[in-house]
Amino acid sequence: MQVAEKTREPANINAVALKAYARVVDLWRLSVKEAAGLADMSESTWKRARKPDFAGELTKDQLLRLSAVIGIYKSLELYFSEPLARSWFSRPNAGPLFGGRRPVDTAIEGGLPQILAVRTYLDAVRGGA
């Protein structure tokens, strides 16, 4: 018996990822500059990418960034109540990963490794590790 393997079209994956990411950055009230920086895009590309008819391709790095940011959002929503969950990423944080800076700033500056570090940090906090 053969099992049919579902394949996902890259354009569909990109559209879903961009839609989810756009919701997250809207809920966090990030600026266009911050949202673009997190996604490793220019501001003009981010503005185009938000539109439903965006036909551009995302790099693997960009898809990983979007996925990790969505994971950060999920962790924050599970761990904190709504006001803090929605503002945590944009508030100064004295934790060792942030050094008094806002997590969003460290994530933009540190790129994918820092975004993944923030996600791992929150998963550990949420899991009690």
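Let's start at one residue, Trp46. Leaving aside neighbours within four places in sequence, Trp46 is in contact with Leu18, Tyr21, Ala22, Val25, Val32, Ala35, Ala36 and Met41. Please keep in mind that the model you are looking at is predicted.

**The chain as a whole**

Stepping back, the protein chain has six helices and zero strands. Followed along the sequence, its pattern reads α-α-α-α-α-α. The chain has 129 residues, of which 34% count as buried. Among contacts in the chain with a separation of 6 or more, 56% come from residues 24 or more positions apart.

**The nonpolar core**

Trp46 appears again in the largest nonpolar core, which holds 31 residues. Tyr21, Trp28, Leu38, Trp46, Ile72 and Phe89 are the members that touch the most other members. Which helices each supply at least two residues of this core? They are α1 (10-27), α2, α3 (43-49), α4 (60-79) and α6.

**How α2 meets α6**

Two of these helices can be looked at as a pair. Helix α2 covers residues 32-39 and helix α6 covers residues 103-127; they pack at an angle of about 15°, with their axes 8 Å apart. That angle makes α2 roughly parallel to α6, because angles under 35 degrees count as roughly parallel. The crossing of the two helices is right-handed.

On the α2 side, the contact is made by Glu34, Gly37 and Leu38, while α6 brings Val104, Ala107, Ile108 and Ile115. Sorted by class, this contact of α2 with α6 has five nonpolar residues, one polar residue and one charged residue. Leu38 of α2 takes part in this contact, and Leu38 is also one of the core members that touch the most others.

**Two residues to compare**

Now for two single residues, Asn14 and Ala124. Are they buried, partly exposed or exposed? The table gives their relative accessibility.

| Residue | Helix | Relative accessibility | Class |
|---|---|---|---|
| Asn14 | α1 | 6% | buried |
| Ala124 | α6 | 26% | partly exposed |

Asn14 counts as buried because its 6% relative accessibility is under the 20% cut-off. Not counting residues up to four places away in sequence, Asn14 touches Gly56, Glu57, Leu58 and Leu63.

Ala124, in helix α6, is partly exposed because its relative accessible area is 26%, which falls between the limits of 20% and 50%. How far apart are the C-alpha atoms of Ala124 and Ser75? These two residues are 49 residues apart along the chain, and their C-alpha atoms are separated by 9.7 Å.

How values were computed. Residues numbered from 1 in each chain as written. Predicted model: local features only at pLDDT ≥ 70, side-chain atom pairs only at ≥ 80, totals over all residues. Heavy atoms only, no water. Axes fitted to C-alpha atoms, helices over the stretch in contact; angles between N-to-C directions. Helix = DSSP H or I, 4+ residues; strand = E, 2+ residues; numbered from the N terminus. Parallel < 35°, antiparallel > 145°, perpendicular 65-115°, else oblique. Left-handed = near helix turned anticlockwise from the far one by under 90°. Contact = heavy atoms within 4.5 Å. Nonpolar A, V, L, I, M, F, W, Y, C, P; charged D, E, K, R; others polar. Core = buried A, V, L, I, M, F, W, Y, C linked by side-chain atoms within 4.5 Å. Buried < 20%, exposed > 50% of the residue type's maximum accessible area, 1.4 Å probe, protein only.
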